[in-house]
Every structure is written in structure tokens, then in C-alpha cells.
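Q: I'm new to this one and would like to learn how to read it. Could you walk me through it?

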Amino acid sequence: MNKVRLVQGNEACAMGAIAAGSTFYAGYPITPSTEIAEYMARELPKIGGIFLQMEDEIASMGAIIGASCTGVKAFTATSGPGFSLMQELIGYAAMTEIPCVIVDVQRPGPSTALPTLSSQGDVQQARWGCHGFHSIIAIAPSSIMEIYYQIINAFNLAEKYRTPVIFLMDEEIGHLRERFELPEDYQPEIINRKKPESDLEVYLPYINDESNGVPPMANFGDGYRYHISGLTHNEKGFYSSVPSVVDTEIRRMVGKIEDNVDDIAQFEEAYADDCDILVIAYGSVARSAQQAVEEMRAEGISVGLLRPIVLWPFATDYFTKACMGKKAVVVAEMNLGQYAREIRRIVHTDTPLKSLTRVDGEFIYPIDVINAVKEVL
Amino acid sequence: MTDKWDILLSGTGGQGVIKASVILAEAALIDGHNAVQSQVYGPESRGSATRAEVKISDSKILMPKVITPNLLLCMSKQAFKKYASNIIEGGILILDGDIGVNEEPSGVEVYRKPITTIARENMGNDLYANTVALGVINKIASLVSDDAMIESLERNFSARLLVANTLAYRLGLEAV
């Protein structure tokens, strides 16, 4: 069963979702994410799960939020145009603290743009796409095996922190096929949402007395009665405009993610401690960047790679320390410098920062990274 | 085999070059090599220029794209015009003999085989050109073992299509 196979990124995402325990998918197919919907449509009925093709992406979000309230692990997959439509209900899931996973296989934008080509243009949209005060978790995998392991992590984090989690793939990695092989006897670690232990009458779905800021969540049908609303609410879930209540609840909701960045953040480094020039790249582009770094190290150039696997919440302390004392920092991404803007914020003002960008749907090649590094050498 | 293959299979959407690239990459994995496969296609899927890429190596493959192939297959004249100049010195260029390309690029090994004609005349359908091409390529370049290719064909075709495609692959081998 665990034999070596050639697996596509989108397929690995769907396989991992099932391994994570997901039994509900609602979506509206869109290139370059469609293979995820196809896989779930084929496989979910076999395990007693539910696949729903909805009329659009707004309804898809609504369906997974509703399904999650019943206790199942629910997700959807889309690309830029659909991701834009989902924003309002992603905000609703953040506000009501309902776990769910949204896969965005990025393609160039805005609007329909280049459906079959690649982009990382939704990085800031993943962070700030919905209005108001919220935090979010976003994960950007770089290989087929990492897609599998990290989509499981995405479901786990959604459950652990009662939050929507954005799984930010790009067309390049979604459509790439490579070696897929699980270790013998592989068993994923699965995290389930904490359920209330209180008496039925005294359940507080948004209580603020937990050390990590995440209240227990009762499923529909468990017998607990409570109210879910996108309006600001008190600990019972009912509308409140009392400033002290609103302030406490909003700061708890944001803090449960931002204060746990050490638990959530993940990175991979190559020579990052031992280099003059630090290259930062994520998703498919990180593969080009690593190839470039290996080639330059062989030439004796002092360069290293830092690859964030989790893009949001932004690990301010970690990045600040990693960039400290570097001669220059290069950020490579298939957009106009969305993550470079974040890095610029924490790099010492005297440190040159080169933002290597690409927006034509073509890939960033190792030679592009090498040229960018040589500009700041 | 050389220790590193950068293979570009090019043609027109609908000819099956992406399918062929998937079968080839999986066969390389079965043989114990590393392999990655990717493709570029247009939103129309059929009739547009299509490029499928396979990298085979015994070390970790970071950069997934093929920039300068050492093996290039062209199944259309348009693909030849677009990609022939990218092939590295000493690389292998395989042309479908039916696409009307008469140039002889210098510095590369050129093979012309009537891939689509073999499919049409023996299998009664142009659609088998991709598996015929796999036979031609593997005979010329010895990319993967015959056993691995057969197992990969079994994994990638339903029982209904397997026998005919295995036959088409054999015809490709015999054409070289």
C-alpha cells in the first residue's frame, strides 16, 4: 500500500485531507484546483463522506462552515476568483470561530487572468482578504510530500485554534507530479477540537478563561444550546456592543493565533545562519531558490535560504533574528513583492532588500535568483 | 543512462504528450530513480501548444522545470519551431516524421520516425501516437527498463485501454 507512486500536488492535497479525517467537501471547480474536487467526488462517497458541488464559491464556504458546526472536518478548494468570493464567509468563520480549511491553488490575477499558469498573488489576500480585526493561519507547501503532511497540519491547526486555515498552493506545485511514498506504518497525528465538559445549561461557547484563548466547541446535536453570530458577541454567543466585551473578545480571537506563533510557525533553513546574503522564498519558488543557493555555494558565494512553510501568522521575532547582520536579503516570489513588504518591515533599515518579482505566469528560475543575489553582493 | 535526463515532450493539446510524460515519470520511479513531471497547457486544453516536462535523476530534484532539454520530442511543427533551439549541444531530438519538418539542426542527434502514421495504420487511431512515441523514445535513449514501462502502463491505463496501448508501445520500440 505504501509503495512508491507518482502523485500530483492537487491529488496529494486531497489524499492528505482524507488522511486528516475530512469527510465533507463543498466546492465549485476551478482551474488549477479542479483535481482536488475530482478526487473528493470520487473518494468521499466510498468512506461515507459527502461531496457537494455548490452553485458558487460563496455557497461552498457556507456549506463547509455549516458542516463543521456538526463536528465534521470540512474543506473547500478554489483559485483566485473563487477565493475572492469566499472572503466574506472566511471572515464569518473567523468571527464565529468555526474550524475549516480553504485550499487556494493560486493563479495570476486579478480577475480571471491566466487560468492555467502559476502565481503567488494571494499571499496578502490570505492575510487581509476579509474585513475587520482577525488573524489567520496560512501554509505554503513546496513539494508533493509536504502538501500531504501539511494539509493534515492545516486541519489540525483549524481544530486546535478554532479558525479557518488557508492552504496556499500555487499552480506550479498543484500540477507538479513527483515521488510519493509514506513510511511503513505511517500514522498521522490527528488533533480534534476540544469539546465542552460543562453541564448543558452553563456552556459558554466563547468563554475567555482558557490559557491559549480557544474555547471548547460543542457540535450541533451534542445537546448544548448556543448562539452563533457574525455580530460581535459575548461569551454566550449573543450580540453585544458593550465596549469592554467587544474589546476582550476581539483581542482574544486575534491573540489565540498571534500569541501562539511559536507553536504554529514552521521553517526550513539551508545555510541561513552561515551566510552574508539571505534568500527568502516559499511554495514552488523555494525549490528554484534552493537550487540557486546550492549552485552559488559551490562557487563560494556566501548565501543561504530561509523557507517559511507557514506564512501567516508572521513570525516577527524569528524573521528579525534571521535577517539580523546579513549583508542583504533577497525575497523571491511570483507577485509584486507581497511577502517582501512584510520582510522590509523587520529588516534593519540599513540592510538592502532585493524584491525579486514575477507576474507573467512564468516560473522564477534559479538563474533569476542568482542574478538577484549578484546584484546585492 | 546518463545520470540526469531533462526531457521535453511537445505537441498539440489532445495528442497525449502529458499522459506520455506521466507514464514515463512513473516508470522512472518504479526503476528506483527520482522523477518529477510537469506541464504547460492553454485554457482550451485541446488544439493549443502543449509542453510536458520530465526530469529523471538519482539525486534530489529541486528545480522542477526543464529549461534546456537533453531529450526533445516534437509532435508538431509549431512545437519544433518553439523548442528546437533550446536543446543542449549533443542532445537527442526526436521528430514525428509526419509533421513536415525538414531542417537538420546541427550539434544534436536527430531521429525521424513516423509516429502518428504508425498509430494510425496499425492501431486505426492517431490517439495511440503518444504510447508509440514512448516506445520510440525509450528505444533510442534507454531511459527506463522495459519492465518498469510495462508496469507504469498498467498503472496508468484502465484494463480496457491497456492492451492496445501496450501494443502501441511495442510498435514504437520496433520502429527504431
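A: Sure. When I quote an angle, picture axes as lines fitted to C-alpha atoms, with angles running from 0 to 180 degrees between N-to-C directions. Keep in mind that this is a predicted model. A case to try that on: helix α1 (residues 9-19) of chain A runs at about 95° to β1(A) and lies across β1 and β8 of chain A.

Q: Which strands form the open sheet, and in what order?
A: To read a sheet, walk across it from strand to strand. Here the order is β1(A)-β8(A)-β2(B)-β3(B)-β1(B)-β4(B)-β5(B)-β6(B), eight strands with mixed pairing. The edge strands, each pairing on one side only, are β1 (5-8) of chain A and β6 (109-113) of chain B. From one strand to the next, the twist averages 20°.

Q: Where does strand β8 of chain A join β2(B), and do they run parallel or antiparallel?
A: Look for the bridges. Two of them join β8 (residues 177-180) of chain A to β2(B), and the strands run antiparallel. For a landmark, find E178(A): its bridge partner in β2(B) is V36(B).

Q: What about a pair inside chain B, such as β4 and β5?
A: Strand β4 (residues 71-74) of chain B pairs with strand β5 (residues 92-96) of chain B in the parallel sense, over four bridges. You can spot the register at L73(B), which stands opposite I94(B) in β5(B).

Q: How many residues does each chain put into the contact between chains A and B?
A: Before the case, a general idea: the size of an interface is often given as the accessible area lost when the parts come together. Here we count residues instead: 18 come from chain B and 16 from chain A. On the chain B side, the elements giving two or more residues are α1 and β2 (34-40). β2(B) gives the most, with six residues. By class, that side of chain B has 11 nonpolar, five polar and two charged residues.

Q: Which residues of strand β10 of chain A are buried, and which way do they point?
A: In a strand, check both faces. I277(A), V279(A) and A281(A) point one way from β10(A), L278(A) and I280(A) point the other way, and all are buried. That fits the count for β10 (residues 277-281) of chain A, which is mostly covered, with five of its five residues buried. β10(A) also pairs with strand β11 (residues 303-308) of chain A, in the parallel sense and over four bridges. Within that pairing, V279(A) has L305(A) as its bridge partner in β11(A).

Q: And on a helix, which residues of α2 of chain A are buried?
A: A general idea first: an α-helix has 3.6 residues a turn, so residues three or four places apart point the same way. In helix α2 (residues 34-43) of chain A, the buried ones are E35(A), I36(A), A37(A), Y39(A) and M40(A). Their cover includes β1, α1, β2 (22-27), β3 (50-53), β4 (73-78) and β5 (100-106) of chain A.

Q: How do helices α1 and α4 of chain B pack?
A: Take the angle, then the distance. Helix α1 (residues 17-30) of chain B packs against helix α4 (residues 129-141) of chain B at about 45°, with the axes 9 Å apart. The two are therefore oblique to each other, and α1(B) passes α4(B) in a right-handed crossing. From α1(B), V17(B), K19(B), A20(B), I23(B) and L24(B) meet N130(B), T131(B), A133(B) and L134(B) of α4(B). By class, this contact has six nonpolar, two polar and one charged residues.

Q: At what angle does α1(B) cross helix α5 of chain B?
A: Roughly 125°, and the axes of α1(B) and α5 (residues 146-156) of chain B come within 8 Å. That makes α1(B) oblique to α5(B). The crossing is right-handed. Contact residues include V22(B), I23(B) and E26(B) of α1(B), along with A148(B) and M149(B) of α5(B). The residues of this contact divide into seven nonpolar, two polar and three charged.

Q: One more for practice: how do α3 and α6 of chain B cross?
A: The axes of α3 (residues 115-123) and α6 (residues 159-174) of chain B come within 11 Å and cross at roughly 130°. The crossing of α3(B) and α6(B) is right-handed. I118(B), A119(B), N122(B) and M123(B) of α3(B) meet A164(B), A168(B) and L171(B) of α6(B). By class, that contact has six nonpolar, one polar and no charged residues.

How values were computed:
Residues are numbered from 1 along each chain as its sequence is written. Chains are lettered from A and ligands numbered from 1 in the order in which they are written. This is a predicted model: local features need pLDDT of at least 70, side-chain atom pairs count only at pLDDT 80 or more; totals for chains, interfaces and linings use all residues. Angles under 35 degrees count as roughly parallel, over 145 as roughly antiparallel, 65 to 115 as roughly perpendicular and the rest as oblique. A crossing is left-handed if the near helix is turned anticlockwise from the far one by less than a right angle, and right-handed if clockwise. Two residues are in contact if their C-beta atoms, placed from the backbone, lie within 7 Å. Ala, Val, Leu, Ile, Met, Phe, Trp, Tyr, Cys and Pro count as nonpolar, Asp, Glu, Lys and Arg as charged, and the others, Gly among them, as polar. Two strands pair if DSSP finds at least two bridges between them. A residue is buried if 20 or more other C-beta atoms lie within 10 Å of its own, exposed if 12 or fewer, and partly exposed in between; C-beta atoms are placed from the backbone.
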